[in-house]
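User: I have a model open and would like to go through it with you. Could you take my questions as they come?
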Amino acid sequence: MEQQLVFDTQLLTKYDVSGPRYTSYPTAPQFSEDFCEQNYRDSIAESNGDFLARPLSIYIHIPFCNTVCFYCGCNKVVTKDRSKGADYLIRLHKEIAMQAEMFDGDRIVKQIHLGGGTPTFINDPQLTVLMNELHKNFPIAEDDIGEYSIEIDPREANKETIIMLRDIGFNRLSLGVQDLDKSVQLAVNRVQSERETFDIIDAARASNFRSISLDLMYGLPNQSVDSFSRTLDRVIEAKPDRLSLFNYAHMPKLFKPQRRINEVDLPSPSVKMAILKQSIQQLEEAGYIYIGMDHFALPDDELSIAQSEGKLQRNFQGYSTHGDCDLLAMGVTAIGQTHNSFSQNHRNLDDYYAAIDAGHLPIFRGMTLTADDRLRARVIQELICHFRLDFNLISKQFDIDFNEYFSHELTKLLSMEKDGLLQVEANAIEVLPAGRLLIRNICMVFDAYLQKNQQQYSKVI
Ligand SMILES: C[S@@+](CC[C@H](N)C(=O)[O-])C[C@H]1O[C@@H](n2cnc3c(N)ncnc32)[C@H](O)[C@@H]1O
Ligand code: SF4
């Protein structure tokens, strides 16, 4: 197999700065509250008018969690009160109907993702009604064409729920695991037995889910190279189709629950680096391909295939094989994307409920993209998905002279070229194996907004 990654500790240390994860460009801190409901409606009307009706990808956010994991940086509401789910769904169903009214009927939904929080916080009948609401309001592609996924916390699901989820149309699962080691689990308040995790994987296989993905995290308290290597051995035995190996972003000023993590228990930067190195080696030996930015997949998984065919995209859900879609996001905090705009819903439940109860779309902020934003977004997309950028392609698509437009950026890349991260050819940038883990740093050169926002991002390694 082609050598995809070179792990160079010196280089990784040199380039270990904070930076965006580029699930969007411009990134969310650029969104403005001046962007209002009418701007959103205008952007949907504009996308309906495009010559080719783009299909839709729907993201639905269920914010509730039964308990808090101390590391968690997700948008969530921790509560034991299950009746909160019913109140939320009343508003969500209204939002689905309001949103659906705006889209032309020929825009097929090819992707649905239910994320959280913990989507299975709401019970099985509620999940069934939610899917029915989507089917009532949108034309949804058949199972063999569409990608319908849900995030599962194995502590909050059982075999019956998995069977039910397949019945109501889900065909992909992603499971939160993080680490199988008990002392790590205790330190982050997420005790989840191997049995709970592997039973869900077995149930998903038996119910013919097409793809199973696992979330793991390195940099958590009490982790060592040996302990995490044991976790990976067990995970590899279960052979998930995809694996996310996230770098724990410890930002206790931003995420309150992280203040309950004892910082002396966190692995040192050099141990973190060694865990990453060992993990990459283990995963590559087990046949996983490094897709980019924390993601690995088996060669026959659709992500690997999309990457090899040059069709991979990146959006708010990470890497995607359905980048041709407009992303319609519903629920509290959810972020949507059309060709020309980003929009985010209210971030707290009271504001979200108040907007919907008053008959408004719950838009809180967003932005309309400029021509320069779209051009840079495309450049970053190509680099982060394919590790290669063809200048002619970009020049043609955006009617520019790439070398002239990006002369400043090309000069900035020279030091990275000297360090062996990439090669600037006459008409292309090729990211070299030593630069792949530092793809965020390379993309950052093309980010026009970065200077003022650097402090809001997590470390790249
Ligand atoms: C919404 S959660 C997954 C679904 C479900 N709530 C669960 O925990 O099983 C999404 C993933 O984000 C990752 N994550 C959460 N907090 C993080 C942090 N501070 N740094 C890096 N990754 C994080 C975890 O791997 C987690 O599984
Ligand atoms: S990791 Fe998942 S279950 Fe844990 S608090 Fe975050 S969203 Fe909730």
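User: Where does Pro26 lie?
Analyst: In this predicted model, Pro26 belongs to the loop between helix H1 (9-14) and helix H2 (37-48), and the peptide bond that leads into Pro26 from Tyr25 is cis, with omega near -10°.

User: And which bond joins Gly116 and Gly117, cis or trans?
Analyst: That peptide bond is cis as well, with an omega of about 25°, and Gly117 itself sits in the loop between strand E4 (109-116) and helix H4 (124-137). Most peptide bonds are trans.

User: What is the phi of Gln178?
Analyst: Gln178 has a positive phi of about 75°, although it is not a glycine, and Gln178 is part of strand E6. For context, most residues other than glycine have a negative phi.

User: Let's switch to the ligands. How many residues surround ligand 1, and which are the closest?
Analyst: There are 20 residues around ligand 1, and the closest are Tyr71, Gly117, Gln178, Arg190 and Asp215. Gly117, which follows the cis bond from Gly116, is therefore in that group by the 4 Å criterion for being near a molecule.

User: Which strands supply at least two residues each to that shell?
Analyst: Strand E5 (147-152), strand E6 (172-178), strand E7 (211-218) and strand E8 (242-247) each do so, and the shell as a whole divides into 8 nonpolar, 8 polar and 4 charged residues.

User: What about polar atoms, say the distance from ligand 1 to the side chain of Arg190?
Analyst: An oxygen atom of ligand 1 is 2.7 Å from an N or O atom in the Arg190 side chain, while an oxygen atom of the ligand is 2.8 Å from an N or O atom in the side chain of Gln178. On the backbone side, a nitrogen atom of ligand 1 lies 3.0 Å from a polar backbone atom of Gly73.

User: How much of ligand 1's accessible area does the protein cover?
Analyst: The protein covers 89% of the 570 Å² that ligand 1 has on its own.

User: Which residues surround ligand 2?
Analyst: The residues are Cys65, Cys69, Tyr71, Cys72, Lys76, Gly117, Thr118, Asp153, Arg155 and Arg190, and by class they come to 4 nonpolar, 2 polar and 4 charged. Tyr71, Gly117 and Arg190 are also among the closest residues to ligand 1.

User: Last topic: how is the protein divided into domains?
Analyst: Domain 1 takes in 1-26 + 371-461 and domain 2 covers 32-330, with 25 residues from domain 1 and 28 residues from domain 2 making the contact between them. Their C-alpha centres lie 26 Å apart, and the area buried between the two domains is about 2,300 Å², with carbon and sulfur atoms giving 62% of it.

Note on methods. Residues are numbered from 1 along each chain as its sequence is written. Chains are lettered from A and ligands numbered from 1 in the order in which they are written. This is a predicted model: local features need pLDDT of at least 70, side-chain atom pairs count only at pLDDT 80 or more; totals for chains, interfaces and linings use all residues. Side-chain values use heavy atoms; hydrogens and water are left out. A polar contact is a pair of N or O atoms within 3.5 Å; within protein, one must be able to donate a hydrogen and the other to accept it, and residues adjacent in sequence count only if both atoms are side-chain atoms. Accessible areas come from the Shrake-Rupley method with a 1.4 Å probe; for residues, only the protein chains shown count as cover. Helices (H or I, at least four residues) and strands (E, at least two) are DSSP runs, numbered from the N terminus. Ala, Val, Leu, Ile, Met, Phe, Trp, Tyr, Cys and Pro count as nonpolar, Asp, Glu, Lys and Arg as charged, and the others, Gly among them, as polar. Domain bounds come from an automatic or database domain assignment. Contact means heavy atoms within 4.5 Å. Buried area is the accessible area (1.4 Å probe) that two parts lose on being put together, summed over both.
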